[in-house]
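Let's take a look at how two protein chains meet, and at some charged side chains that pair up along the way. Have the model open while you read.

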Amino acid sequence: MPETPPMTPPMTPPMTPPWTPFALFGALAVLAWGAAALDAALAGGRWPGIVTGPLRGAARELVRQRRRTVMPDVPLVRAGVCALPAAAVLAAVVLPLGERPVADLSVGVVWFNAMEVCVWWALWLTGWGVNSLHPLIGGYRFVAQGLAYELPHMFALITAALGAGSLRVSEIAAAQRGLWFAVWMPVAFAVYLVSAVAMAFWGPMDRPVGSDIAGGVRAELSGPDRLVFEAGRYLLLAVAAAAAVPLFLGGGVGPALPPWLWTALKTVAVLAVLVWARHRLPGVRMDRFTRVSWLVLIPVSLLQLLVVGVVVL
Amino acid sequence: MGLSERLLRYAAGRPRPLLAGVPHGTRVRLLAEAELTRRGWPAARSPAEADLLVVCGSPGAALAEAVEVVWADMPAPRARADLPGDLPPERVTAALDGAARHLADGRAQRLDVARRTGRSGGDHGQDEDHGSGMGGPGGLEMAGRGPDRDGLALDRLCLPLGPVLPDWPAGLLVETVAQGDVVQEARVEVLGGAGEERFWDEPWLEAARGRSVTRDEAARRTAAAHLDSLGRLLAVAGWDAEASRARRLRDRLLWERAGGEIAGDVTRFTRRVRRSRTLRWMLRGLGTIGPAPGRDGRVRGGAPDGPGTTGDGSAPRGPGTAGGAPGPAGPDRGDVPGRLEGWLARTEAALRGLGDGTRLTGDEGPRGPVGGRPPAASPAAPPVSPVLSVLSVMPGLLAGAELAAARLIIASLDPDLDQAPSSREAARA
């Protein structure tokens with residue numbers, strides 16, 4: 001991360017109301033549920049089934065036994081599984097719910113990125129710990145995926161921070177009152193969306209949990225382990241979509257409606273696009289994608305960074 | 001028991017079935033898949049995810065053993081539906097209903113758990129894992145080392161693929177030695193099932209036996225067979241949306257007796273698949289079967305230049321086949337997207353025969369000559385079943401492939417093991 005001195009003198013943010021953590025948690029849960037329902041609807045599900053499907057799935061895992069593999073490393077698996085939703089929620093604490101986030105850190109973008117990187121850890125531990133081959137291969141796949149997406153992802157985040165001259169997410173959102181970053185740094189926005197899908201191992205980038213390796217990392221999970229893992233997966237997708245709003249889509253800025261509602265609407269729109277992409281695109285394998293990532297995505301995101309840097313100067 | 005009982009019953013409204021395909025159980029598998037789609041029960045990807053095991057067909061000893069391992073790997077609550085190959089459609093529905101009821105039955109589930117813990121001393125982690133396709137290194141032997149394709153010394157792991165995996169040819173077991181996720185060696189086995197039925201070749205076999213079969217029936221079966229293969233390949237390629245579209249079209253052709261109106265939907269499907277640049281990018285260059293010396297490649301479908309495609313299967317093939325090469329019924333030459341395109345083209349070609357009420361005479365089934373009648377040209381040579389030539393090229397194609405590529409290659413060959421002789425071993429590398 002380059003050290004970008006804040007353009008505006010650092011202001012002391014007003015206290016966040018004590019109910020915001022609950023609002024954040026509720027909003028994320030609703031978004032995750034909505035993503036699962038939309039996914040089922042696009043897959044041709046019918047009306048009550050698409051809404052009750054995730055609930056029935058959750059009920060099912062609550063009454064199910066854990067699957068025990070031969071000589072698993074149980075603490076590692078538990079840590080990995082629990083880290084997934086934890087990383088998603090912790091990444092979300094710096095995202096403004098309307099105008100203010102739960103924790104308005106001065107290094108919000110770095111915090112967000114650091115929490116995302118915990119997903120590498122979570123998937124690798126889960127895949128490794130259960131001591132079974134398909135999850136292990138899923139873990140390999142996610143590490144390869146991380147090598148492909150992480151650098152372009154970081155450059156996209158830095159570009160937004162550079163455009164606003166701040167690493168504070170609320171200030172990045174506030175810097176877009178005139179023009180959304182998605183409009184004047186479209187390459188960074190596109191790279192962010194691609195890498196967000198990869199980070200949430202969703203849709204075309206879901207090969208680490210792909211059906212061709214029997215569910216990959218989660219192949220041996222059942223009962224509460226699977227419930228926490230799947231919940232974490234959808235939460236992560238929701239957080240990846242929600243972060244696009246303050247970083248590139250102007251945050252809560254919009255006519256007529258209150259900021260929180262604009263934030264929600266924009267988040268739902270991005271989330272819908274990400275869910276839709278799963279149905280529109282076949283799986284993308286890293287043995288082919290990494291070349292494009294390093295030879296195309298990294299150079300163009302650096303170029304975007306340069307352009308933004310020159311404009312800001 | 002109030003709450004957990006209620007949760008159990010609520011969850012049983014939407015089980016996650018794992019299908020175990022068995023050779024000669026294709027018809028019942030298709031019936032079960034159509035019924036599961038109708039009910040909106042999403043398929044499980046592994047035993048740990050499944051709570052309903054649907055065995056489609058009557059497995060032989062080796063396959064039954066593998067199915068038992070999968071059954072033992074399934075955590076409670078669980079239920080099982082065994083569908084013998086000759087089960088009538090309405091009984092398929094009844095069997096699934098029964099399994100769902102068993103799943104919702106708290107008492108039965110508790111008994112099942114008690115029985116299991118009693119038998120294995122409270123530790124069902126001791127289940128032997130070979131053959132399930134899901135397990136770890138079963139007897140906990142340490143992985144040996146060996147040089148890999150990139151010149152590194154990496155652990156060599158024995159990774160069996162199949163016989164119970166999603167989107168996998170029924171009865172196929174591919175024993176691989178893998179380093180990382182790169183397949184170093186592969187050995188192909190066929191685990192058979194009881195019965196004689198060869199669902200995809202049925203119209204041609206019936207016609208050869210002298211029964212009257214319409215060309216419409218053959219067209220339906222051909223198109224459905226290719227759509228089934230397409231569904232598998234697209235699912236393995238990670239494109240669930242188009243895979244389920246292919247399967248839906250297949251079901252409409254077979255069970256809903258869809259007429260000419262289906263052609264438009266099929267065209268939309270083939271167009272979407274053909275237009276996907278991502279799919280081509282991902283599949284290009286995988287599993288290439290080079291041109292054989294005798295140029296006896298099966299080039300069928302769109303281009304009408306192959307002399308072997310017209311009329312009966314007894315028509316002369318390419319010039320190279322006269323030398324006794326057993327190659328006429330092999331898989332398509334080219335790579336995975338080439339075979340995908342072959343299926344798309346042949347599906348469209350077959351649909352043109354829909355509604356043709358004339359009598360079927362040929363021997364050319366969806367996967368080549370069905371062997372219903374001996375080839376007139378060389379009655380001495382036993383007809384080579386198409387599946388055997390597919391299985392014989394498979395190990396060579398898999399060696400050196402990364403696991404995802406290996407799965408795609410296998411899906412693009414999609415051997416129909418209903419055609420295989422019911423021996424345990426069919427091919428070795």
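In this predicted model, Glu49(B) and Arg226(A) pair up in a salt bridge, with their closest N and O atoms 3.6 Å apart. Side chains of opposite charge can pair like this when their charged atoms come close. How many salt bridges does the rule find across the interface of chain B and chain A? The count there is 4.

Glu49(B) and Arg226(A) also belong to a bigger picture: together with Arg218(A), Glu230(A), Arg16(B) and Arg45(B), they form one network, joined by salt bridges that share partners.

Now for the interface as a whole. On the chain B side, 61 residues are in contact with 46 residues of chain A. The size of an interface is often given as the accessible area lost when the parts come together. For chain B and chain A, the buried area is about 4800 Å², and carbon and sulfur atoms give 56% of that. There are also 18 residue pairs in polar contact between the two chains, counting pairs with both residues at pLDDT 80 or more.

Which parts of chain B give two or more residues to the side that touches chain A? Among them are helix H1 (2–11), helix H7 (215–236) and strand E6 (153–161) of chain B. Sorted by type, the residues on that side come out as 32 nonpolar, 16 charged and 13 polar.

Let's step back from the interface. Over all chains, a search of the whole structure turns up 51 salt bridges. Here are three of them:

| Salt bridge | Closest N to O |
|---|---|
| Asp104(A) and Arg168(A) | 3.9 Å |
| Glu206(B) and Arg211(B) | 2.6 Å |
| Arg250(B) and Asp251(B) | 3.0 Å |

The pair Asp104(A) and Arg168(A) links distant parts of its chain, with the two residues 64 residues apart. Asp104(A) sits in the loop between helix H3 (74–92) and helix H4 (108–129) of chain A, while Arg168(A) sits in the loop between helix H5 (133–164) and helix H6 (169–174).

Are these partners buried or exposed? Asp104(A) and Arg168(A) are both buried. Arg250(B) and Asp251(B) are buried too. Glu206(B) has a relative accessibility of 21%, so this residue counts as partly exposed; the cut-off for buried is under 20%. Its partner Arg211(B) is at 45%, so Arg211(B) counts as partly exposed as well, since exposed would take over 50%.

Definitions and conventions: Residues numbered from 1 in each chain as written. Chains lettered and ligands numbered in written order. Predicted model: local features only at pLDDT ≥ 70, side-chain atom pairs only at ≥ 80, totals over all residues. Heavy atoms only, no water. Contact = heavy atoms within 4.5 Å. Buried area = accessible area lost by both parts, 1.4 Å probe. Salt bridge = Lys/Arg side-chain N within 4 Å of Asp/Glu carboxyl O. Polar contact = N/O pair within 3.5 Å; in protein donor to acceptor, adjacent residues only side chain to side chain. Helix = DSSP H or I, 4+ residues; strand = E, 2+ residues; numbered from the N terminus. Nonpolar A, V, L, I, M, F, W, Y, C, P; charged D, E, K, R; others polar. Buried < 20%, exposed > 50% of the residue type's maximum accessible area, 1.4 Å probe, protein only.
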